[in-house]
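Here are a few exercises to work through with the structure open in your viewer. Try each task yourself before reading its solution.

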Amino acid sequence: MNLEARKIEFVQEFLKLQSEEAVSRLEKILRKEKNASNERIFEPMTQEELDKRIDKSESDFLNNRFKSSSELLAKYE
C-alpha cells in the first residue's frame with residue numbers, strides 16, 4: 001500500500017472515531033510530528049535579523065504590546 005492510500009485509509013478511520021480522548025491524543029501526535037518536521041528545516045537568523053528582532057521586542061514591551069505568560073497559558077487550556 002502506498003503512502004497516499006495509507007493516508008486516505010487513516011483519515012477514513014479517523015472520521016469514524018467517537019472518542020474525544022482518542023481524537024485529542026491523535027491531535028497531540030500530529031502537533032509533535034509537525035513541530036519535529038519544522039525543526040528539521042530550521043535556518044538560523046543572521047546577527048542583523050536577531051538584532052532587529054531584539055529591537056522590535058524591546059519596543060513592543062515599552063509600548064505595552066505584549067501578553068503575559070498567564071494570558072498565553074489561559075488561551076491554550
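**Exercise 1. The pocket lining**

Find which helices each supply at least two residues of the lining of the largest pocket, then describe that lining by class.

Solution. Keep in mind that this is a predicted model.

Step 1: Start with the helices. Helix H1 (3-16) and helix H2 (20-40) both pass the mark of at least two lining residues.

Step 2: Look at how the lining is shared out. H2 gives the largest share, with five residues.

Step 3: Select the residues in your viewer. The lining is made up of Phe10, Phe14, Leu26, Glu27, Ile29, Leu30 and Glu33.

Step 4: Sort them by class. Five are nonpolar, two are charged, and none is polar.

Step 5: Add the volume, which comes to about 180 Å³ for this largest pocket.

**Exercise 2. Salt bridges in helix H1**

Work out how far apart in the helix Glu4 and Lys7 lie, do likewise for Lys16 and Glu13, and classify the accessibility of Glu4, Lys7, Lys16 and Glu13.

Solution. Step 1: Take Glu4 and Lys7. They form a salt bridge in which the closest N and O atoms are 3.4 Å apart.

Step 2: Place this pair in the helix. Both residues belong to H1 and are three residues apart, about one turn of the helix.

Step 3: Classify their accessibility, recalling that partly exposed runs between 20% and 50%. Glu4 has 48% relative accessibility, so it counts as partly exposed. Lys7, at 44%, therefore counts as partly exposed too.

Step 4: Move on to Lys16 and Glu13, whose side chains meet in a salt bridge with an N to O distance of 3.3 Å. This pair is separated by about one helical turn, because its members are three residues apart in helix H1.

Step 5: Classify these two. Lys16 is exposed, with a relative accessible area of 55%, whereas Glu13 is partly exposed at 43%.

**Exercise 3. A salt-bridge network**

Decide whether Asp60 is buried or exposed, and find which residues are joined with Asp60 into one network.

Solution. Step 1: Begin with the side chains of Arg65 and Asp60, which meet in a salt bridge at 2.8 Å, N to O.

Step 2: Check Asp60 against the limit for buried, under 20%. Its relative accessibility is 16%, so Asp60 counts as buried.

Step 3: Follow the shared partners. Salt bridges join Lys56, Asp60 and Arg65 into one network.

Step 4: Set this beside the overall count, which is six salt bridges.

**Exercise 4. Helix H3 and what follows**

Compare the span of H3 with its expected value, say how many of its residues are buried, and describe the backbone at Asn64.

Solution. Step 1: H3 covers residues 47-62, which is 16 residues. From first C-alpha to last, H3 reaches 23 Å, close to the 22 Å expected at 1.5 Å a residue.

Step 2: Of the 16 residues of H3, one is buried, so the helix lies largely in the open.

Step 3: Turn to Asn64, which sits in the loop between H3 and helix H4 (69-76). Asn64 has a positive phi of about 55°, although it is not a glycine.

Step 4: Asn64 counts as exposed because its relative accessible area is 62%.

**Exercise 5. Two domains**

Where do the domains run, and how far apart are their C-alpha centres?

Solution. Step 1: The domain assignment gives domain 1 as 3-40 and domain 2 as 45-76.

Step 2: The C-alpha centres of domain 1 and domain 2 are 32 Å apart.

Notes: Residues are numbered from 1 along each chain as its sequence is written. This is a predicted model: local features need pLDDT of at least 70, side-chain atom pairs count only at pLDDT 80 or more; totals for chains, interfaces and linings use all residues. Side-chain values use heavy atoms; hydrogens and water are left out. Domain bounds come from an automatic or database domain assignment. On a 1 Å grid over the protein atoms alone, a cavity is a set of points where a 1.4 Å probe fits but cannot get out, and a pocket is an open set with protein on both sides within 12 Å along at least five of seven lines; lining residues have an atom within 4 Å of a point. Grid points are joined across faces, edges and corners, and a volume is the space filled by probe spheres set on the points. Helices (H or I, at least four residues) and strands (E, at least two) are DSSP runs, numbered from the N terminus. Ala, Val, Leu, Ile, Met, Phe, Trp, Tyr, Cys and Pro count as nonpolar, Asp, Glu, Lys and Arg as charged, and the others, Gly among them, as polar. A salt bridge is a side-chain nitrogen of Lys or Arg within 4 Å of a carboxyl oxygen of Asp or Glu. Buried means under 20% relative accessible area, exposed over 50%, partly exposed in between (1.4 Å probe, protein chains only). The expected span of a helix is 1.5 Å times one less than its number of residues.
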